[in-house]
Each structure stands twice: as C-alpha cells, then as structure tokens.
Amino acid sequence: MAYKLLIDGQLTEGAATLDVIDPATGRVFETCARADEAQLDAAVAAAKAAFPIWAARPHAERRACLEKLADAMEARQEEFCNLLTREQGKPTPQAQFEIGGSIAALRYFGAQELPLEMIRETAAEKILEQRTPLGVIAAITPWNFPVILLMLKLAPALAIGNTMVAKPAPSTPLTTALLGELAADILPPGVLNIIIDANDLGAALTNHADVDKVSFTGSTATGKRVMASAAGTLKRLTLELGGNDAAIILDDADVKAVARPVFDAAMINAGQVCLAVKRVYAPRAMMDDLCAEFARLGAAAVVDDGLNQGAQVGPLQNRQQYEKVLELIDDAKMQGTVVVGGERLGREGYFIAPTVIRDLPEDARLVREEQFGPVFPVLAYDSLDEVIDRANDSEFGLGGTIWTSNPERGLEVAMRIQSGTVWVNKHLDMPFDIPFGGAKQSGIGREQGLDGMKEFTQAKIINVARLPLPA
Ligand code: NAD
C-alpha cells in the first residue's frame, strides 16, 4: 500500500484499509492504511518516548530537521499539489497556494524560539519566565485545508520541542500520509506520528492519558466533544472551530469595486473555508445593483474538476457536505429569491453551482448556520447600528469583513464586531506573525504569531533572590 501510517519512525500498514474518494467523480481513487486503537496507543507511546530526547536537542538541530522536511516537500511539490486536488477537490492554483504556504510555514515556525524572558531585574531579585514544551501534542485536522492546517500545528509545536500524533480527516488522509513518508527519513523516530482513522479514533486520542495537549481544527460540534473528553486529565486545548462571518458593505462603497472581492471571499475553496464570507449585508438601496453583479460573477465562474485548467470552483469535498449544502439551498429557495445558481451540476461528482440568495428572513437556516459551501445570502440593512447588531447576533465569532471607500470608517465599524479577526477591504490575509483564532463558539486559543507559539508551551516563573540569605 502506498499511503501508510507513521508510527515510531516506521511507515506501517494499517490494521485495516480506508477508501479515499475523488470528489470530482464521487468514486474511490486510492486506498490507504487505517489504524486501530492499538496502533493509536503505539503512536502515543512513541511520541511520549521521543519527547525528552527531542526537547533536549538544541533548537538549531530541531530547526535543521524542519528545514530538511521543507526541502523534501519542495522537491515533491507537484505531487503534493496533484494529490491535494485529487482528494480535496480544490483547483490546482489553490492547491499550489496551500502547499507553498505549508512549506513556508515549516521554515518560518521552524526558526522561531521562545527565549527566557526577564520580567523584572533589581539588585534584590530576578524574575523570569521560561517556556517549556508540553510533551505529546494531538493534532486533529479537518478536510478543507488538510496540509496547511496541520502545518500550522506541526511546525511551531515541533520547533519548540514537543512531539506529535497527527490525525487527518478520513476523507483527506493522503497528503498527510505523504508528509509522513518524507518525515520517516528526516525526523527522529516518534517525533511525528501519523494515524489515519475512519472518524472512530478521535475520542481515544483526545482522552488518552499520555497526550498533553489537543490542538484541534474542525466543527464547533466536534470541538465541544473534544473539550469534554480532554477534561479527564485537564489537557491543554486549542480549538479552531466554525464561523458564520458577516461581510458588511458600507453605504459609501463602490458596488463594482467590492462585488468581486466579496464574491471571491465567499467562493474560495467552494466556500469550504472557516473564514469564508458566509453572510453579506448591504444597504437596502444598493441591493439590486450588488445582486446584479453577483449574478454576473456567479454565472461566469468556471465550476469544474480542480485538475482541469481554468477551474475556479471545485466540487464539495464529500457527499455528506454536498447533501447538507443542497438541503440548505432547498430550504432557502422556499423563503428567498435566487439571484444565481441554486442547483447541483448535472454531472458526476459533488458539484454545486455558485449560488446567491436574497430576501431571506434573518432566522433562515442559511443565515443562522455555517453553510460551508458555494452559497451565500445577501441581506438588506437600513442603519449601521442595526447591521452591527445583526452581524454580532451569532453564536460564532471567527472573522468578518468591512467594505468601504473610507478605511477609517471601516476601522470604526470593525472595532464593534465580535470576532477573532476583522478585515477592512481585504480578506484572508493571514501573515504567519499575526495570531488568529475565534471569539465565542468559534474557538479557544490562538494559532500563528507569538501567541500561537506560546500555546505549545507551559509558562514557568522563576523567581530568584539575589541577596545572600541572612546568616
Ligand atoms: P469535523 O469536526 O467533523 O472533523 C474535524 C476532525 O475531527 C476530523 O479529523 C475528524 O475525524 C475528527 N473527529 C471527529 N470526531 C471526533 C471526536 N469525537 N474527537 C476528536 N476528533 C474527532 O470538521 P470537518 O467537517 O472536517 O471540518 C469543517 C469544520 O472545520 C467547519 O466547521 C470549519 O469552519 C471548521 N474549520 C475551522 C478552522 C479554524 O481555523 N477556525 C479552519 C478550518 C476549518
């Protein structure tokens, strides 16, 4: 079998196998190893045994290993991109962006250190903060960005001296397995272990006594289960969860200038982005012009197999998500007006035409729930206070965007949005040194930046009296 588990430095056949479906055809195109609980235990044991040795190595050595892994990925970049498009569905340019970003993340975070920090130094005392690695990190990832979302955990966690058991989503395991194949030759045994399941080993991993932290990216519903299951040993947690991000178009915005970036911010990766635009709010007087632009853009978008040149919107990643999005569209069609799309494509695979729906009530499912697909509602508003209230009236609080001809006014509005990130006149700009994470039920903790690095460490205060003890 080509795609194996990685346990204690060994590429390992699974206790069973797992079929992987190409979402552009709906048919199985590859088979990979699938672990059982004994293999999961072996992976955690290997990570635990490797931890003290890896943590004790100088940072420069760990960094050199991560650099080598980045070089190895770079050498097989095209293979990664093709495999990512095959298993995930995204068009090739988006796969290239994800793989390129993952290699860059390895290099960037591999170089980061958290040196001893002097908090206070006087003649009488010295108080410092030391950051020590936590131990075994369980990294659990979803199927929308299988490589970069793993890399944002792996690179900082390993750079700082932790070891890892990574578990990809069962519908996109192959790129993670390919990474494991490279890591087997580069990283010391046990530093990175890869377990592939069929959605059945998550709980065993998150409540495992020898796992010290769970770094989870996925849905809010699963995030809550992870939090409950980590409670037994008070594991550290980072939860990057779902969102229902509002794009607010201000009344000073130029319709023609904003329609394209807002549309793209909703349709990237066929809308399967935690931080995608999921609700658009526009001044009532702008609705007709804006919807006319969205109709034009939706009709012109090239929906196709991601491997085909020119494809802009690929298929939904899996049948379950495809059916969920179609159900949301059907529900919305009964209450609103279809601006464009509204149908599955008449071909094999999980394709849905880019869809925009207007005139929905605020309690429609498409407005309240995270759709995670190539469809969004456009909702009219009458005053700024009202639209800010409506944008904030959500259990989610991941991101959001403000579109305006006046960036200063955009900043004022952004400051009133309850979310982890708000962009003004741009979207999905996520430099590695800038932390991100969710407010409310969109998550706990941060990834990226110094804040994200620190989440893979334990803070320890060392408080030293500098004066001799009285005799
Ligand atoms: P999901 O929650 O169904 O699955 C995510 C991962 O959790 C998978 O690897 C899955 O196998 C695993 N899992 C399933 N049950 C588990 C359990 N009981 N314990 C531990 N792990 C378990 O999510 P998904 O459908 O794969 O991904 C889509 C969701 O992810 C969306 O809600 C999206 O917004 C969110 N997401 C968030 C971010 C972010 O950074 N905030 C990024 C990407 C995706």
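Which domains does the shell around the ligand draw at least three residues from? Keep that in mind as you click through this predicted model.

Start by selecting the ligand. The space it takes up is the largest pocket. Now colour domain 1 (5-241 + 438-462) and domain 2 (245-424): there's your answer, since each gives at least three residues to the shell around the ligand.

Next, show helix H7 (202-206), strand E10 (213-217) and helix H8 (220-230). These are the elements that give two or more residues to the shell.

Time to bring up the residues themselves. There are 29 around the ligand, and the ones that come nearest are Thr141, Asn199, Ser219, Thr222 and Glu370. Try colouring the whole shell by type: you'll get 15 nonpolar, 10 polar and 4 charged residues.

Now zoom in on a few atom pairs. Pick Glu370 and look at its side chain: an N or O atom there sits 2.6 Å from an oxygen atom of the ligand. Then go to Thr141, where you want the backbone instead: one of its N or O atoms is 2.7 Å from a ligand oxygen. Last stop is Leu241, with a polar backbone atom 2.8 Å from a nitrogen atom of the ligand.

Finally, switch on the surface. How much of the ligand's area does the protein bury? On its own the ligand exposes 850 Å², and the protein buries 90% of that.

Conventions:
Residues are numbered from 1 along each chain as its sequence is written. This is a predicted model: local features need pLDDT of at least 70, side-chain atom pairs count only at pLDDT 80 or more; totals for chains, interfaces and linings use all residues. Side-chain values use heavy atoms; hydrogens and water are left out. A residue is near a molecule or strand if one of its heavy atoms lies within 4 Å of it. A polar contact is a pair of N or O atoms within 3.5 Å; within protein, one must be able to donate a hydrogen and the other to accept it, and residues adjacent in sequence count only if both atoms are side-chain atoms. Accessible areas come from the Shrake-Rupley method with a 1.4 Å probe; for residues, only the protein chains shown count as cover. On a 1 Å grid over the protein atoms alone, a cavity is a set of points where a 1.4 Å probe fits but cannot get out, and a pocket is an open set with protein on both sides within 12 Å along at least five of seven lines; lining residues have an atom within 4 Å of a point. A molecule sits in a cavity or pocket if more than half of its atoms lie within 2 Å of its grid points. Helices (H or I, at least four residues) and strands (E, at least two) are DSSP runs, numbered from the N terminus. Ala, Val, Leu, Ile, Met, Phe, Trp, Tyr, Cys and Pro count as nonpolar, Asp, Glu, Lys and Arg as charged, and the others, Gly among them, as polar. Domain bounds come from an automatic or database domain assignment.
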